[in-house]
Amino acid sequence: MMGMCRGRRKLVAALALLFVPAIAWIYLSAAGFQVKSVSLLPLEPLSASAVGGLSERQALELRVRAVEEENRLLRQELSRAPKRLHKLGPNQGLNQGPNQGPEQNRSQPLGRSRAQSEEGTGDSEAQRGGHRGGANNSDCSQQPVVDKCETIHVAIVCAGYNASRDVVTLVKSVLFHRRNPLHFHFITDAIAQKILASLFTSWMVPAVRVDFYDGDELKSEVSWIPNKHYSGIYGLMKLVLTKTLPPTLQKVIVLDTDITFATDIAELWAVFHKFRGQQVLGLVENQSDWYLGNLWKNHRPWPALGRGFNTGVILLLLDRLRKLRWEQMWRLTAERELMGMLSTSLADQDIFNAVIKQNPFLVHQLPCFWNVQLSDHTRSEKCYKDVSDLKVIHWNSPKKLRVKNKHVEFFRNLYLTFLEYDGNLLRRELFGCPSAPDLNTERLQRTLLELDEDDPCYEFRRERFTVHRTHLYFLHYDYTPPADGTDVTLVAQLSMDRLQMLEAICKHWEGPLSLALYLSDAEAQQFLRYAQGSEVLMSRANVGYHIVYKEGQFYPVNLLRNVAMRQVQTPYMFLSDIDFLPMYGLYENLRRSVVQLDMAHSKKALVVPAFETLRYRLSFPKSKAELLSQLDMGTLFTFRYHVWTKGHAPTNFAKWRTSTTPYRVQWEPDFEPYVMVASSSPEYDRRFVGFGWNKVAHIMELDAQEYDFVVLPNAFMIHMPHAPSFDITKFRSNKQYRSCLQTLKEEFQQNMSRRFGFAALKYMTADNNS
């Protein structure tokens, strides 16, 4: 069979060499134009759509170039010359599959050369052609090395809040290029597991499975190793993957969190097929002089083979490693070396290299473009001739994006592309590879199918069931509630246009806060930069920031409140809004009220009277006496006195002026005070989105569950002026919006009647006009 193939190739090459150039020269000379250099993939025919968009002459020009490229490769093969690096033109773009959308917040990631040889920076196109397939496949073509629907397994060690953010960018870059199902194996601490589990559950990406492994249970396996690396004990967890991951899992790609992919991860998965003999580890050579020991005087690194290997990207053949008794192998090596080295400097990487030094046969060396290492001492520029060749970028310096590198702007832009990329676009199904059924997805689809698309309020009803991608604890959080059981968390939600209120609220409220932010991916990064540049925000570790990513046409105000409420870790919560400033000392006032009003043994909602000012600059009152003075002068007003008195009228501001003890008030239609309640109190109803009745329905729910409304006599909060929101503008200008809100109110009241029976009759008969 091989003889027939060789004979056929020689015949084709001979005919092409004789006839094609002559025909091309005659035609192009007659046409009177010059052939331009065009970047084409070797042996890949033009698609019909590409040809259809060009003129006849341009189409022929491209076809001639394609044949010439094919002839060149055939001549090279027949001459049996050593393989060399073939560069493609500068216009080579991202190889997007049919399942990949073109939308991006920044410029699209740059493409890579696909005709690379193992001699320089990668595998040859013939070796990697198995992933791509193509119309020219024949009996002589290499069979695919990665099946279309084969699941690719990826293991990542992740601990803490900041590492969880890094994982999201890594995962985005992998999902953007991938064409195969993925199975992520996360070795995490409790913090990262909570964040990532919530994120992936709400992300709902098809053909992606996620499993978690408790890193705290694995600490004893590596805690005996002294480690100076900034990654801490979790920097050693890769050593125990053979013991941690399922025994049925045969191979896995292991990645650091500071990795960015610029290609389909299936290409890396395919490299497993090149392992020979006893090779069980796929690694890229270290691109700094660290293991050569010449970076500074008295520098003494762990033993390594030559320059050593970097463990930011590892291919692990787990089944073979287990047969080789990997656990015993690395432990004995580590114990022996620690007698002289005393500790590791580069965590697991030192021990991997010490094992390899003793057993070089274990390693299959990967081309360096699979792990381009960016640190101040890097020699990564020697591993590529052009930045478009790169496949994996590794920010393996504590300084991350601030490293010194000739092409750092290119690397940074590629990273930022995925950092700000809209993750909702990655929810697309894989082309020709159906996903396994997901119960949550199926339930959601059934619910949406039950909705009437002809209903004028369809979009309102649909929003109630929209699943918003959610990233809990976007910034570091460190808080432990005191043991006295009186602590209170301020709960609020906001979007980008209210960001300026954060510093002021932190100055007024010293207790813990749980904030839900409704942002796009790009806005989330703007918020991160804003927060990290603020001394006020960075000095507060007891603020939980939870990102709910934008989707749909409505502001999901009650969903945001619920997200923030679920993350409250104190016995009580103060349900506020971001445009209110609590009085100085309100936090301690509420904690004292918990004891005074016996909140632990009663169902109470403590009302904090709300006021407002129309002035952007206000001398904030430091006491009730100062507030009453400003109220008398017209500097302050009771909240919404001019437009919606019913919302806060039951608070009875006249009584509050002279009251010195808490007093109880009765629920009335449209009552929407700001209250402190137990953290176990009911959530907000998600059917109310945008503007209108979102708090009213919640207060009605509290009343139906027999909460007592108690007004605090020495507490207050002040609403600060701002531009009207987009949703309130829609409410005021759109008749259909107001009509749908009225419909939702009536349905909510009917639901209350069914749930609470005769006790809820007052909600049905009350005149609740907006």
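Trainee: Over which residues does pLDDT stay under 50, with 161 contacts beyond four places in sequence?
Mentor: Residues 77-143. This is a predicted model, and pLDDT stays under 50 over that whole stretch. The model still has 161 contacts beyond four places in sequence for it.

Trainee: And what about residues 1-6?
Mentor: There too pLDDT stays under 50. For residues 1-6 the model has two contacts beyond four places in sequence.

Trainee: What is the mean pLDDT of the protein?
Mentor: The mean is 80. Of the residues, 75% reach 70 or more.

Trainee: Okay, sheets. What is the strand order in the open sheet of seven?
Mentor: The order is E3-E2-E1-E4-E7-E6-E8. Pairing is mixed.

Trainee: Which strands are at the edges?
Mentor: E3 (208-214) and E8 (363-366). Each of them pairs on one side only. From one strand to the next, the twist averages 25°.

Trainee: How do E6 and E7 pair, parallel or antiparallel?
Mentor: Antiparallel, over four bridges. E6 covers residues 281-285 and E7 covers residues 309-317. Look at Val284: Asn310 in E7 stands opposite.

Trainee: Which strands does H6 lie across?
Mentor: E1 (152-158), E2 (182-188) and E3. H6 runs at about 155° to E2. Helix H7 (residues 215-222) lies across E2 and E3. The angle of H7 to E3 is about 55°.

Trainee: At what angle do H5 and H6 pack?
Mentor: About 35°, with the axes 9 Å apart. H5 is residues 161-177, and H6 is residues 190-203. The crossing is right-handed.

Trainee: Which residues meet there?
Mentor: From H5: Tyr161, Ser164, Val167, Val168, Val171, Lys172 and Leu175. From H6: Ile191, Ala192, Ile195, Leu196, Leu199, Phe200 and Trp203. By class, that contact has twelve nonpolar residues, one polar and one charged.

Trainee: Switching topic. What is the order of the open sheet of three strands?
Mentor: E5-E10-E9, again with mixed pairing. E5 (259-261) and E9 (372-373) are the edge strands. Each has a single partner strand, so one side of each lacks a neighbour in the sheet.

Trainee: How many bridges join E5 to E10?
Mentor: Three, and the two strands run antiparallel. E10 is residues 392-394. Thr260 has Ile393 in E10 as its bridge partner.

Trainee: Is Thr260 buried or exposed?
Mentor: Buried, at 1% relative accessibility. Thr260 sits in strand E5. Leaving out residues up to four places away in sequence, Thr260 touches Ser173, Lys391, Val392, Ile393, Trp395, Tyr415 and Phe418.

Trainee: Next, E15. Which residues point which way?
Mentor: E15 is residues 572-575. Tyr572 and Phe574 point one way, Met573 and Leu575 the other. All are buried.

Trainee: Which strands does E15 pair with?
Mentor: E12 (residues 488-495) pairs with E15 in the parallel sense, over four bridges. E21 (residues 674-678) pairs with E15 in the antiparallel sense, over three bridges. Met573 is the bridge partner of Thr489. Phe574 stands opposite Met676 in E21.

Trainee: And what holds paired strands in a sheet, in general?
Mentor: Strands of a sheet pair through backbone hydrogen bonds, in either a parallel or an antiparallel sense.

Trainee: Now H23. Why is it largely enclosed by the rest of the structure?
Mentor: H23 spans residues 694-704, and eleven of its eleven residues are buried, so the rest of the structure largely encloses it. The buried set includes polar and charged names you can pick out yourself: Asn694, Lys695, His698, Glu701 and Asp703 are among them.

Trainee: What comes just after H23?
Mentor: Glu706, which takes a positive phi of about 70°.

Trainee: Where is Ala760?
Mentor: In the loop between H25 (735-756) and H26 (761-765). Ala760 is buried, with a relative accessible area of 0%. Ala760 and Ala704 are 56 residues apart along the chain, yet their C-alpha atoms are separated by 6.7 Å. Not counting residues up to four places away in sequence, Ala760 touches Met752 and Ser753.

Trainee: Last one. Is Ser619 buried or exposed?
Mentor: Exposed, at 54% relative accessibility. Ser619 lies in the loop between E18 (610-612) and H21 (624-633). The C-alpha atoms of Ser619 and Gln630 are separated by 9.4 Å, with their positions eleven residues apart along the chain counted as the offset.

Technical notes:
Residues are numbered from 1 along each chain as its sequence is written. This is a predicted model: local features need pLDDT of at least 70, side-chain atom pairs count only at pLDDT 80 or more; totals for chains, interfaces and linings use all residues. Side-chain values use heavy atoms; hydrogens and water are left out. Axes are lines fitted to C-alpha atoms, for helices over the stretch in contact, and angles run from 0 to 180 degrees between N-to-C directions. A crossing is left-handed if the near helix is turned anticlockwise from the far one by less than a right angle, and right-handed if clockwise. Contact means heavy atoms within 4.5 Å. Buried means under 20% relative accessible area, exposed over 50%, partly exposed in between (1.4 Å probe, protein chains only). pLDDT is the predictor's confidence in each residue, from 0 to 100. Two strands pair if DSSP finds at least two bridges between them.
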